[in-house]
Amino acid sequence: LKSEITSRGGRHSMGKKRKRVAQAEHTGSHFTKKKQAPRDSKESPSPSAKKLSVINDEWQTCLKSWEDIAPLFQSYRKKKIWMPFYYDGECAKHLRSLGFKDVYHKKQDFFQKLSDTAFVQSVDLIWDNPPYTGANLKERVLRALVKTSKPFVMLLPSSILHSKLLQDIADPSLIQCIIPRRVLVRKTGQNTVPFKYLVWLCYRTSLPRDLLFV
């Protein structure tokens, strides 16, 4: 590099190179291509990779965020609440500390648990913060929840309110929404993070109003 810079021919060469880089950036192409590992179209992600993607997409909803909406669900304090999406178990502790004593929160597969008809019938409210990993998973979760005919409250991106999916699978007259100014979440052992643009999607909950701000 030193010999190129100090020689006239080197300066000319570097000038050409810069020009080619600028042209490549302008057209959106890459001047130098990175080596890529061979891809096998038949190869699918390993089970551990799939599991990791779900774990990274799960968060603990902090106590303050439950406190903000708990007064709206006082009628369920003595009823059975199912929190099906287990991350670190802390969310159930938060709800119990707010007076909701009958909270079922175990590390079980949500879709498999739905096949336990007796259990589902015993539940009065399904309330949780589900993982958002991929549109397909979110759709499966919402379809399954609606199919139970049980009241549910799910923390979801606000974009769900504009989605055709919700219009297709749910009765609009049964949909209600709580819009928090922000939601505090955290990864286990880490500091809280404020999230915006989230909503508590409520279904069959008979809240005082269809749209509430907290």
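# Exercises on core packing and salt bridges

Setting aside residues up to four places away in sequence, phenylalanine 152 touches Leu125, Ile126, Leu142, Leu145, Val146, Leu201, Cys202, Tyr203 and Thr205. The model is predicted, and the exercises below apply to that model.

## Exercise 1

Determine which residues have the most contacts inside the largest nonpolar core, and which helix or strand supplies its largest share.

**Solution.**

Step 1. The largest nonpolar core has 26 residues. Those with the most contacts inside it are Leu142, Leu145, Phe152 and Leu201.

Step 2. At least two residues of this core come from each of helix 7 (117–122), helix 8 (134–148), strand 5 (152–157), helix 9 (164–169), strand 6 (175–179) and strand 9 (198–203).

Step 3. Helix 8 gives the largest share of this core, 5 residues.

Step 4. Return to phenylalanine 152: among the residues it touches are Leu142, Leu145 and Leu201, which are also listed with the most contacts inside the core.

Step 5. Another core, of 24 residues, lies apart from this one, and Met83, Phe100, Val103 and Leu125 are among its members.

## Exercise 2

Identify where glutamate 90 and lysine 93 lie, and state how their side chains meet.

**Solution.**

Step 1. Both glutamate 90 and lysine 93 belong to helix 5 (residues 90–97). They are 3 residues apart, about one turn of the helix.

Step 2. Their side chains meet in a salt bridge, with an N to O distance of 3.2 Å. This is one of 5 salt bridges in the structure.

Step 3. Glutamate 90 has a relative accessible area of 24%, so it is classed as partly exposed.

## Exercise 3

Establish which residue forms a salt bridge with arginine 143, and classify both partners as buried, partly exposed or exposed.

**Solution.**

Step 1. The partner is glutamate 139, and the closest N and O atoms are 2.9 Å apart.

Step 2. Arginine 143 and glutamate 139 both lie in helix 8, 4 residues apart, about one turn of the helix.

Step 3. Arginine 143 counts as partly exposed at 42% relative accessibility, and glutamate 139 likewise counts as partly exposed at 28%.

## Exercise 4

Classify aspartate 116 and lysine 113 as buried, partly exposed or exposed.

**Solution.**

Step 1. Aspartate 116 forms a salt bridge with lysine 113, in which the closest N and O atoms are 3.6 Å apart.

Step 2. The cut-off for buried is under 20% relative accessible area.

Step 3. Lysine 113, at 15% relative accessibility, therefore counts as buried, whereas aspartate 116, at 31%, is partly exposed.

Key. Residues are numbered from 1 along each chain as its sequence is written. This is a predicted model: local features need pLDDT of at least 70, side-chain atom pairs count only at pLDDT 80 or more; totals for chains, interfaces and linings use all residues. Side-chain values use heavy atoms; hydrogens and water are left out. A nonpolar core is a set of buried Ala, Val, Leu, Ile, Met, Phe, Trp, Tyr and Cys residues joined through side-chain atoms within 4.5 Å. Buried means under 20% relative accessible area, exposed over 50%, partly exposed in between (1.4 Å probe, protein chains only). Contact means heavy atoms within 4.5 Å. A salt bridge is a side-chain nitrogen of Lys or Arg within 4 Å of a carboxyl oxygen of Asp or Glu.
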